[in-house]
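Let's take a walk through this model, starting at the ligand and moving outwards. Keep the 3D view open as you read.

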Amino acid sequence: MLADHLKNRISENGPLSFSEFVESCLYDSNDGFYTKEGKAGRRGDFLTSPEVGPLFGFLLANWLDEIWKNLNKPENFQVIEVGAGSGTLARAIIDAKPKCLENGIYTMVEISQKLREAQPISDKLISSPKIPEHPFVGAVIANELLDNLPFDLLEGDGECWKEVHVGLADDEFVEILMGESEEKVKVSPLKGSRVPIQSQANEWVGSILENITKGSLLVIDYGSTTQEMSQRDQDSWLRTFRKHSRGEKPLNDVGNQDITVEVAIDQLPEGAFVSTQEDFLKNQGIDDLVEEGRQTWKEFSSVGDLKAVKARSRATEAEALLDPMGLGAFFVLEWHIPSSI
Ligand SMILES: C[S@@+](CC[C@H](N)C(=O)[O-])C[C@H]1O[C@@H](n2cnc3c(N)ncnc32)[C@H](O)[C@@H]1O
């Protein structure tokens, strides 16, 4: 069992950093949450924008074509989606038939073998556990990936930031306050305040940008800033989920719940164009698509065929995707190479 395995590691080597603990809880090769069964979707653990319906993928297909046109329509355009889950977004994008993929390839990168096995595969759509390591022309998409990358935790003691590790007391996991952190945090270490340190998210963005010869990286996620999180209760930015409900405390029920953190935008590499999902989708023409759907429903509702029903559902999908208290408030970060595209 994962809990026993982690307890043995701690007994032998001392407390684990918070990122080591999260890494095991989510991605342990036998018992991690995502290795076993964790997934997005109505029948899964949480609802993401691609799982709301096909409209999100349709709009991302428009964005991909815009990038491709701005690059003068390269033949070998690659689309790489990281944290692709069971391929719901990929399916919606392929169904939207973007021009950029007429000669290009879409790669779904997903760490969980179980989710990879559920992905749709075709001559245009390939699946991989890893990001291609060679430079490429194209676009990388990551929806709700960065919040799931392992992160560390610091606590202020009034003078400096100290690392929060995970140790054992009476055979239970407990937080242990370690020595002063070497991280350069530009926020005052007020006594008792907490901040996440998202080095893996920073490195991930950096490594993608190094490999894009020409093209863009699109990251969509719930986000905040280190400063803002330091002023809020940790439970409001470090959350656990299971079967569409909040889970237990992060140190409990290891491997059986998702552990996520709001993405500290200020900890990511500079140069991104930042907007909200609401503004981004409006720029991609969501309002026109909803209106078009309404007209189609009016014309064909008496027939009641699939086309009419799909057209009508655009309005409810758009409402969820634009909700200013929910998905609409997510941050959208776009890095473009060169920055003029
Ligand atoms: C919150 S889910 C989001 C799934 C999907 N993008 C969506 O929006 O519905 C995060 C996904 O990222 C995957 N993941 C986490 N770290 C990864 C990595 N380094 N490479 C590829 N996939 C990863 C997880 O296994 C999980 O399927």
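**Around the ligand**

Sort the shell around the ligand by class and you get eleven nonpolar, five polar and two charged residues. Keep in mind that this is a predicted model. In total, 18 residues surround the ligand. If you want a handful to display first, pick the closest ones, which are Tyr27, Thr48, Gly83, Glu110 and Asn143.

Now zoom in on the polar contacts. Which atoms of the protein does the ligand meet there? Start with Thr48: an N or O atom in its side chain is 2.6 Å from a ligand oxygen. Glu110 also uses its side chain, with a polar atom 2.6 Å from an oxygen atom of the ligand. Ile111 brings in the backbone instead, where an N or O atom lies 3.2 Å from a nitrogen atom of the ligand. So much for individual atoms; how much of the ligand's surface does the protein bury? On its own the ligand exposes 600 Å², and 91% of that is buried by the protein. As for the space that the ligand takes, this is the largest pocket.

Next, leave the ligand and look for a small piece of sheet. Three strands make up an open sheet in the order β13-β12-β14, and their pairing is antiparallel. The edge positions belong to β13 (245-246) and β14 (258-261); each has a single partner strand, so one side of each has no neighbour in the sheet. Strand β12, residues 238-242, runs antiparallel to β13, and two bridges join them. To find one end of a bridge on screen, click on Phe241, whose partner in β13 is Arg246.

Between β12 and β13 there is a loop, and Lys243 lies in it. What is the sign of phi at Lys243? The angle is positive, near 50°, and this residue is not a glycine. For background, most residues other than glycine have a negative phi, and most peptide bonds are trans.

The second half of that background leads to a last stop further along the chain. Find β17 (331-337), then step into the segment after it, where Pro338 is found. Is the peptide bond that joins Ile337 and Pro338 cis or trans? The bond is cis, with omega at about -5°.

How values were computed:
Residues numbered from 1 in each chain as written. Predicted model: local features only at pLDDT ≥ 70, side-chain atom pairs only at ≥ 80, totals over all residues. Heavy atoms only, no water. Near = heavy atom within 4 Å. Polar contact = N/O pair within 3.5 Å; in protein donor to acceptor, adjacent residues only side chain to side chain. Areas by Shrake-Rupley, 256 points an atom, 1.4 Å probe, with all protein chains shown as cover. 1 Å grid on protein atoms, 1.4 Å probe; cavity = no way out; pocket = protein on both sides within 12 Å on 5 of 7 lines; lining within 4 Å. Sits in = over half its atoms within 2 Å of the grid points. Nonpolar A, V, L, I, M, F, W, Y, C, P; charged D, E, K, R; others polar. Pairing = 2+ DSSP bridges. Helix = DSSP H or I, 4+ residues; strand = E, 2+ residues; numbered from the N terminus.
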